[in-house]
Amino acid sequence: MARPDGLTVRDARPEEYRRLSDLTVAGFEEYRARMPEAAWTPYAADLADVAGRARLGRTLVAVAGGQPVGVVALYPPGPAVPDLFPSGAAYIRALAAHPDWRGRGVGRLLTEACIDATRAAGHESVGLNTHQLMVAARGLYERLGFQVIGTFTLPDYGTFYSYLLPLGPQAGAG
């Protein structure tokens with residue numbers, strides 16, 4: 001799908017994973033100062049593992065002018081999906097937009113692509129987790145129809161919100 005600004009979404013290619021790793025970490029860098037370094041270091045390493053996420057599901061990349069500007073992982077229902085989601089739920093993970101592209105619809109476009117792919121695969125719902133600090137992301141997900149189904153707190157990391165979007169015929173419109 002292409003937009004007037006040329007932003008498109010496609011599957012990531014393995015030769016891009018290193019670059020997408022850097023992009024993902026850069027997309028979350030603003031939260032580093034608000035986390036203990038002991039928490040940031042393993043979190044950043046996890047964020048950088050684009051190849052690992054690609055082995056578990058699908059990696060989508062937002063591209064503008066031939067350059068990646070956003071990335072997200074989409075896992076099918078199964079073992080990669082946290083237990084707090086229903087068994088038929090797909091799972092969105094590590095959505096990141098390059099800092100220069102924030103506020104330009106990259107997150108929405110990637111989230112909608114995940115919703116569309118999940119619906120096309122016939123899965124019942126799609127879930128995700130996001131952090132209390134990620135206010136803009138939480139607003140986006142809520143505008144798209146995701147509902148909070150729970151929260152959890154991790155030492156050194158803070159509170160996370162778990163969201164679910166049922167994918168019935170009318171679900172996800174927004």
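Q: Which residues of H1 meet which residues of H2?
A: In this predicted model, Thr24, Val25 and Phe28 are the H1 side of the meeting, and Trp40, Tyr43, Ala44 and Leu47 are the H2 side.

Q: Why are H1 and H2 called oblique to each other?
A: Helix H1 covers residues 17-28 and helix H2 covers residues 37-47, and they pack at an angle of about 140° with their axes 8 Å apart. Roughly antiparallel needs an angle over 145 degrees, and roughly perpendicular stops at 115. The angle fits neither range, so H1 and H2 count as oblique.

Q: Which aromatic residues form one cluster?
A: The members are Phe28, Tyr31, Trp40, Tyr43 and Tyr157. Phe28 sits in H1, while Trp40 and Tyr43 sit in H2.

Q: What makes the pair Tyr141 and Phe146 edge-to-face?
A: Their ring centres are 5.7 Å apart and their planes are at 65°. Pairing needs centres within 6.5 Å, and edge-to-face needs planes over 60 degrees apart, so both tests are passed.

Q: Are Tyr141 and Phe146 buried or exposed?
A: Tyr141 comes out at 6% relative accessibility and Phe146 at 3%. Buried means under 20%, so both residues count as buried.

Q: Why is the pair Phe152 and Phe160 called stacked?
A: The centres of these rings are 5.2 Å apart and the planes are at 10°. Stacked means planes under 30 degrees apart, so this pair fits. By the same pairing rule, the count for the model comes to nine aromatic pairs.

Q: How do you know whether Phe152 and Phe160 are buried or partly exposed?
A: Phe160 has 11% relative accessibility, so it counts as buried. Phe152 has 27%, which lies between the 20% and 50% cut-offs, so Phe152 is partly exposed.

Q: What makes Arg104 count as sitting over the ring of Trp101?
A: The charged end of Arg104 is 3.6 Å from the ring centre of Trp101. The distance limit is 6 Å, and the charge must also be within 35 degrees of the ring normal. Arg138 is placed over the face of Tyr161 too, at 4.3 Å from the ring centre.

Q: Which residues have the most contacts inside the largest nonpolar core?
A: They are Leu7, Ile92, Val106, Leu110, Val126 and Phe146, in a core of 29 residues. Elements giving two or more residues to this core include strand E2 (58-64), strand E3 (67-75) and helix H4 (106-120). H4 gives the most, with seven residues.

Q: Which residues does Val106 touch?
A: Leaving out residues up to four places away in sequence, Val106 touches Leu7, Ala62, Val69, Gly70, Ala97 and Trp101. Apart from the largest core lies another one, of 22 residues, among them Tyr31, Trp40, Ala44 and Ala94.

Q: Why does Ala94 count as buried?
A: Ala94 has 15% relative accessibility, and the cut-off is under 20%, so Ala94 is buried. Ala94 lies in strand E4. Its phi is near 55°, a positive value in a residue other than glycine. Most residues other than glycine have a negative phi.

Q: How do you know that Thr118 is buried?
A: Its relative accessible area is 1%, and under 20% means buried. Thr118 is found in helix H4. Beyond its neighbours within four places in sequence, Thr118 is in contact with Leu74, Ala90, His123, Ser125, Val126 and Leu167.

Q: Why is Thr59 called buried?
A: Thr59, in strand E2, has 7% relative accessibility, so it falls under the 20% cut-off. Apart from residues up to four places away in sequence, Thr59 touches Arg10, Asp11, Ala12, Val50, Arg53, Ala54, Val71 and Val72.

Q: What makes Pro155 and Gly65 exposed?
A: Pro155 has a relative accessible area of 68%, and Gly65 has 76%. Exposed means over 50%, so both residues qualify. Pro155 is in the loop between strand E6 (147-154) and E7, and Gly65 is in the loop between E2 and E3.

Q: How far apart in space are Pro155 and Ala39?
A: C-alpha to C-alpha, they are 8.9 Å apart, with their places 116 residues apart in sequence. Gly65 and Gly6 are 59 residues apart in sequence and 6.9 Å apart in space, again C-alpha to C-alpha.

Definitions and conventions. Residues are numbered from 1 along each chain as its sequence is written. This is a predicted model: local features need pLDDT of at least 70, side-chain atom pairs count only at pLDDT 80 or more; totals for chains, interfaces and linings use all residues. Side-chain values use heavy atoms; hydrogens and water are left out. A nonpolar core is a set of buried Ala, Val, Leu, Ile, Met, Phe, Trp, Tyr and Cys residues joined through side-chain atoms within 4.5 Å. Buried means under 20% relative accessible area, exposed over 50%, partly exposed in between (1.4 Å probe, protein chains only). Helices (H or I, at least four residues) and strands (E, at least two) are DSSP runs, numbered from the N terminus. Contact means heavy atoms within 4.5 Å. Rings of Phe, Tyr and Trp (its six-membered ring) pair if their centres lie within 6.5 Å; planes under 30 degrees apart count as stacked, over 60 as edge-to-face and the rest as tilted. Axes are lines fitted to C-alpha atoms, for helices over the stretch in contact, and angles run from 0 to 180 degrees between N-to-C directions. Angles under 35 degrees count as roughly parallel, over 145 as roughly antiparallel, 65 to 115 as roughly perpendicular and the rest as oblique.
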